[in-house]
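Please open the model in your viewer, with a cartoon representation for the backbone and side chains ready to be switched on, and follow the selections below one at a time.

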Amino acid sequence: DFDYPRALAGGLNAPFMSIYTPAAMEEAGTAFNFAEQAIATVEHLAKLNPDKFAVATCTADVELQFTNGLISLPMGMENGAPLEGKIDNLEHFFNRGIRYITLAHSKSNHISDSSYDEHEPLQGLSEFGKSLIGEMNRRGVMVDVSHISDQAFWQVMELSATPVLASHSSMRHFTPGFQRNMSDAMLKALAANGGVIQINFGSRFLHQAARDYRKTSIEAMRAYQAANDLADNDPALMQFAKQYRQEHPYPFATRGTVLDHIDRAVAVAGIDAVGLGSDYDGVGDSLPTGLKDVASYPNLIEGLLQRGYRETEIEKILSGNVMRVWRANEA
């Protein structure tokens, strides 16, 4: 979804690079080294292409690199597993360039319960997680509440002295019961904290039809697998999945669906609390029609203008609000 030519075409000049660690790596003990490798990959990209990219570790970097015609590559850690329960590792990854941390991912970890974990073993944040919030505030690392459980979110709201991000979440109003998105009440609290929700572009974050499709397609696959006694990696099962999608096309969201989420977030929390979290390269083949890659940001801007947003408001949504939160954490 992202490369240099398409970023230029779309006017994208400061994408946060996700230093993502799969949840299973915490138990395997490999999360720290995996994150190190991911950071090195971003650094290597910038080193190989100094006329195109530069690693950004502060808002001043982003502004200077923009002036110099470079695409900034700030970094956020998606899943706090690499911290391994050590505050010293927070300092280490800060020095490596990490400027936000998504506390958990698809499973609860040693920091926080995940929104995907029905058991919620921690009932929110762990004791280490609670102490981590203050240390992140002190160090200037933004707290990212995407992926964490509702209980963990409310505990973060009580503890954080600086504005927080929901780096790639959408509005639960349109996907009832989907805890990975944010409720209106949560968004109001986020705005009161000075934080920002960054709307996720994945179709299953945006409308119920895509969520229902995922459920029914999995049920169909499992029924076919059981009826034919097939292993998970059997080519016949893969062929069935391909044929199913041909006969039952995926219900992609649209640019208008994304705009609906932005409208809702602005109505609930105000223009200063909304940004873009796209999740390009993160949501697979589920992106909305009209917003399939980073070259398509002008389509979104056109839609915002058509819905009556002023240019000053659009600037806040595109970057102003997130830069404000980042500056507040730097301060």
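Which residue follows H4, and what is the sign of its phi? Select Gly69 to see the answer: this residue comes after H4 and has a positive phi, near 75°. Bear in mind throughout that this is a predicted model.

**The whole chain**

Zoom out before going further, and colour by secondary structure: the chain has 14 helices and nine strands. Its radius of gyration is 20 Å, close to the 20 Å that the globule rule gives for 331 residues, so the chain is as compact as a globular protein of that length. Along the principal axes, the C-alpha atoms fill a box of roughly 60 × 45 × 45 Å, and 51% of the 331 residues count as buried. If you draw a contact map, considering contacts with a separation of 6 or more, 69% of them come from residues 24 or more positions apart.

**Helix H4 and the loop before it**

Return now to H4, residues 59-67, and show the side chains of Thr59, Val62 and Gln65, which are buried. Looking down the axis of H4, you will find that its buried residues fall within an arc of 130°, so they line one face of the helix. Add E2, strand E3 (71-73) and helix H14 (311-330) to the selection, since these are among the elements that cover the buried residues of H4. On the face turned away from that buried side, select Leu64 and Thr67, both of which are exposed.

Next, step back to Thr57, in the loop that joins strand E2 (53-55) to H4. Thr57 is partly exposed, with a relative accessible area of 29%, and, its neighbours within four places in sequence left aside, it is in contact with Gly97, Arg99 and Trp326. Although Thr57 and Arg99 lie 42 residues apart along the chain, a distance label between their C-alpha atoms should read 7.0 Å.

**Strands E1, E4 and E5**

Select strand E4 (residues 75-78), where Met75 and Met77 point one way while Gly76 and Glu78 point the other way, all of them buried. E4 pairs in the parallel sense with strand E1 (residues 17-20) over four bridges, and here Ser18 stands opposite Gly76. E4 also pairs in the parallel sense with strand E5 (residues 98-102), again over four bridges, and the bridge partner of Glu78 in E5 is Thr102. Trace the chain from E4 through helix H5 (residues 87-95) to E5, and you will follow a β-α-β crossover that is right-handed.

**Two buried residues elsewhere**

Is Ser149, in the loop between strand E6 (142-144) and helix H7 (150-159), buried or exposed? Ser149 is buried, because its relative accessible area is 0%, and its side chain reaches the backbone nitrogen of Ala152 at 3.2 Å. Not counting residues up to four places away in sequence, Ser149 touches Asp113, Ser114, Ser115, Glu120, Gly124 and Gln179.

For the last stop, select Leu304 in helix H13 (residues 297-306), which is likewise buried with a relative accessible area of 0%. Beyond its neighbours within four places in sequence, Leu304 is in contact with Leu259, Ile262, Tyr309, Ile314 and Ile317; the C-alpha atoms of Leu304 and Ile314, 10 residues apart along the chain, are separated by 7.2 Å.

Notes
Residues numbered from 1 in each chain as written. Predicted model: local features only at pLDDT ≥ 70, side-chain atom pairs only at ≥ 80, totals over all residues. Heavy atoms only, no water. Buried < 20%, exposed > 50% of the residue type's maximum accessible area, 1.4 Å probe, protein only. Contact = heavy atoms within 4.5 Å. Pairing = 2+ DSSP bridges. Right-handed = clockwise from strand over helix to strand, strands pointing away. Polar contact = N/O pair within 3.5 Å; in protein donor to acceptor, adjacent residues only side chain to side chain. Arc of directions from axis to C-beta. Rg over C-alpha atoms; globule rule 2.2 N^0.38 Å.
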